[in-house]
Protein chains: 2
Amino acid sequence: MPPLVTLAEISNAQSVIAGRLHRTPTVTSRYLSTLAKSPVSLKLELFQKTGSFKPRGVLNALSTLDQDARARGVISLSAGNHAQALAWGASALGVRSTIVMPRTAQQSKVDATRGYGGDVVLTDADLLETCLTIQRERNLTLIHPFDDPRVIAGQATVGMELVDDVPNVDVVVVACGGGGLLSGVATAVKLRRPSARVIGVEPEGASAMSQSVARGTPVRLDRMDTIADGLAAPFAGRLNLAHVQAYVDQMLVVTDKDIVAALGVLLERCKIVPEPAGAAAIAPLLTGALTIDPGANVAFIICGGNIDRARLKSLL
Amino acid sequence: MPPLVTLAEISNAQSVIAGRLHRTPTVTSRYLSTLAKSPVSLKLELFQKTGSFKPRGVLNALSTLDQDARARGVISLSAGNHAQALAWGASALGVRSTIVMPRTAQQSKVDATRGYGGDVVLTDADLLETCLTIQRERNLTLIHPFDDPRVIAGQATVGMELVDDVPNVDVVVVACGGGGLLSGVATAVKLRRPSARVIGVEPEGASAMSQSVARGTPVRLDRMDTIADGLAAPFAGRLNLAHVQAYVDQMLVVTDKDIVAALGVLLERCKIVPEPAGAAAIAPLLTGALTIDPGANVAFIICGGNIDRARLKSLL
């Protein structure tokens, strides 16, 4: 088993991002608390710079690059949120970034990535293969969207802030794509509050982590089918799986219909605009798949909000 | 001129609401800051209990009622946000509430008011007359939606929190219906930071306060025409006008089209769901009507978010 991220590494990531990213708020929801019969908190990470938690991991990873690597530039692959975060974070450090994105990516995410100064390569081919080919050709440094200890430690800062805000938290629910956020948050929460349960949520049509946990090894999906583009990772990270095996108590899957219903509730009742990936965490509360001891303090991470008007309208 | 609300009265209102309402967050916006060429903060009062700032004034007013008045019950008139706040606040104290609402009120606001335990009277007739008739018949206590010093002191707590969060604020922009929020916030801001400018924003189709300021006396509108139902007050409060005359530097008007554009920007860029009234404050930034010294610290109050899915979809 690869070494797991430590509390010292997470604390270091907190120092790296301090003053450069938002300390996002945690709020309570009367509506969801009534539904859950338990006090419900929402960590509003959709208010993070670039619209998702992703710059936490990016800044932490970029902070370790030497001058030479910075001069050569960085590369990654992403459906959009990591793309925006990497373009933004690299530009802030004067580093050139190349991001391989699927041709099916949300146009607004492609535009935003370019707007932050990233060089976007759109492809219909395998993202990782395309990315690794360009990386070798141009001698770039890969900043993996999730399967990297520096990225996991960065995303873990979400969990640190959550435990600071809700010290008596009993259940933490986190959406999962490749597993960067889930593995990071689970690590921070379990190391600081071992009694808390951590639950991961995946779309039924892109459940690489659930399948990987069940098989005990990283699974690669032949195809994905979900509206939650932010969770559409074609494989679970090897290192992420190790953290999930160590620290996550349960994986749940939800349908696209469940995710749309969750998005509607967050809009109407909580007055926030998550993207589908950002709404997924609360979907199992609405369906009843999430079981909570009455009175337990439950926290959901609303991990992203990059959705444009037209797409939002089509989902309402 | 009637006596203006004092800092002592506002501090007292802070004690009344402490622990009973949310201390709503203030966030910054990169997108709006770039647009304004100045640091922009948003006070997210749409996250307040009942979905708007209204329960601040309601709780402060209710706190002054004696046992006899509480036993008889309270009454008011409202297009929706004060209705919800009064129903919620009264129920919390075991007081019966009656709210006269226009038959054209948003159905979701009527439902929410009933859901909080309020007795709703829908009418096509004049709201205030209907309200005063029922008040006399049933010997109820009127909790006016804005023209009341206890309500103004309650709404002023928004301004106190804003100055705590942005101590160097230079410009504060607030939407205006009857003027409860505007007069309260202006009072708090000017008493604590006299150098700050306070600007009120009204819909073109319901600009009672602008007209009242221009005429020097409260103006009653013959008709109103705006999508911002939360700002559709048929008259400016007498006491509110006095506070606006004393503390507000400028009144601006915006069109419904401006408000819809502002709502879209807040949704897409700031990931929050204001109702039209809650988006109105930023509309003059987008149109250019709001002039800001470069680098001045600007704060906008996002005052409410009570809008249902169907209406939101129709506005996108």
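Q: How many Å separate the centres of domain 1 of chain A and domain 2 of chain A?

A: Keep in mind that this is a predicted model. Taken over C-alpha atoms, the two centres in chain A are 23 Å apart. Domain 1 comes in two pieces, 7-53 and 148-315, while domain 2 covers 55-142.

Q: OK, and how many residues does the contact take from domain 1 of chain A and from domain 2 of chain A?

A: Domain 1 of chain A puts in 27 residues and domain 2 of chain A puts in 19.

Q: Which elements give two or more residues to the side of domain 1 of chain A that touches domain 2 of chain A?

A: Look for helix H1 (7-17) and helix H8 (149-165) of chain A. H8(A) gives the most to that side, with seven residues.

Q: What is that side of domain 1 of chain A like by class?

A: On the side touching domain 2 of chain A, domain 1 has eleven polar, nine nonpolar and seven charged residues.

Q: Now the two chains. How do I read the turn and shift that lay chain B on chain A?

A: The general idea is that two copies of a chain are related by a rotation about an axis and a shift along it. Here, a turn of 180° with a shift of 0.0 Å along the axis lays chain B on chain A, at an RMSD of 0.0 Å. That is the relation of a two-fold axis. In chain B, the C-alpha nearest the axis belongs to B:Ile272, 2.2 Å from it.

Q: Why can we say that the copies meet through the same surface?

A: Because 100% of the interface residues of chain B are also interface residues in chain A.

Definitions and conventions:
Residues numbered from 1 in each chain as written. Chains lettered and ligands numbered in written order. Predicted model: local features only at pLDDT ≥ 70, side-chain atom pairs only at ≥ 80, totals over all residues. Least-squares fit on C-alpha atoms with pLDDT ≥ 70 in both. Contact = placed C-beta atoms within 7 Å. Domains from an automatic or database assignment. Helix = DSSP H or I, 4+ residues; strand = E, 2+ residues; numbered from the N terminus. Nonpolar A, V, L, I, M, F, W, Y, C, P; charged D, E, K, R; others polar.
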